[in-house]
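User: Please justify the structural terms applied to this model, setting each value against its criterion.

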Amino acid sequence: MYNDMIDVIGFVGKNDPEVAERMEKEASIETLIKAKGFEKVVAVIGDKDVTVIVSAEALLPSQTLQIQDAVTSQTEISLQNIKIVCFL
């Protein structure tokens, strides 16, 4: 089922340049955050916001800034519209 979802997302992305660009930005954000030491990261870009889900119990202020920097380097989303969710 998961692979079917990925196939559908991949198909949509290839046929819609806006979706493809959003997916590329999400992947770039995820890569940048993983490079900062987070193992599991999911970035979801909405129309006016970005949600980043990271595997952590809690974040230090410096880690929050690193995530915000990754998002702002790839998007034009303002800091107040970046949501960071921690999970274990």
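User: What is the strand order of the open sheet, and what makes β1 and β3 its edges?

Analyst: In this predicted model, the open sheet has three strands in the order β1-β2-β3, with mixed pairing. Strands β1 (41-45) and β3 (82-87) each have a single partner strand, so one side of each lacks a neighbour in the sheet, and they are therefore edges. From one strand to the next, the twist averages 15 degrees.

User: How do you know that β2 and β3 pair, and in which sense, parallel or antiparallel?

Analyst: Pairing requires at least two bridges between the strands. Strand β2 (residues 50-55) and β3 have six bridges, in the parallel sense. Within this pairing, Val52 is placed opposite Ile84 of β3.

User: Which strands do helices α2 and α3 touch?

Analyst: Helix α2 (residues 17-34) packs on the sheet against β1 and β2, and its direction makes about 145 degrees with that of β1. Helix α3 (residues 61-74) also packs on the sheet, touching β2 and β3, with its direction at about 130 degrees to that of β3.

User: Why is α2 called roughly antiparallel to α3?

Analyst: The axes of α2 and α3 come within 9 Å and cross at roughly 150 degrees. The term applies to angles over 145 degrees, which makes α2 roughly antiparallel to α3. The crossing of these two helices is right-handed.

User: Which residues make the contact of α2 with α3, and how do they divide by character?

Analyst: From α2, Lys25, Ser28, Ile29, Leu32 and Ile33 meet Ile67, Ala70, Val71, Ser73 and Gln74 of α3. The contact residues comprise six nonpolar, three polar and one charged.

User: What makes the pair Glu21 and Lys25 a salt bridge?

Analyst: Side chains of opposite charge can pair when their charged atoms come close. The criterion is a side-chain nitrogen of Lys or Arg within 4 Å of a carboxyl oxygen of Asp or Glu. For Glu21 and Lys25, the closest N and O atoms are 3.4 Å apart, and the pair forms a salt bridge. Both residues lie in helix α2, four residues apart, about one turn of the helix. By this rule, the count of salt bridges is three.

Notes: Residues are numbered from 1 along each chain as its sequence is written. This is a predicted model: local features need pLDDT of at least 70, side-chain atom pairs count only at pLDDT 80 or more; totals for chains, interfaces and linings use all residues. Side-chain values use heavy atoms; hydrogens and water are left out. Axes are lines fitted to C-alpha atoms, for helices over the stretch in contact, and angles run from 0 to 180 degrees between N-to-C directions. Contact means heavy atoms within 4.5 Å. Angles under 35 degrees count as roughly parallel, over 145 as roughly antiparallel, 65 to 115 as roughly perpendicular and the rest as oblique. A crossing is left-handed if the near helix is turned anticlockwise from the far one by less than a right angle, and right-handed if clockwise. Ala, Val, Leu, Ile, Met, Phe, Trp, Tyr, Cys and Pro count as nonpolar, Asp, Glu, Lys and Arg as charged, and the others, Gly among them, as polar.
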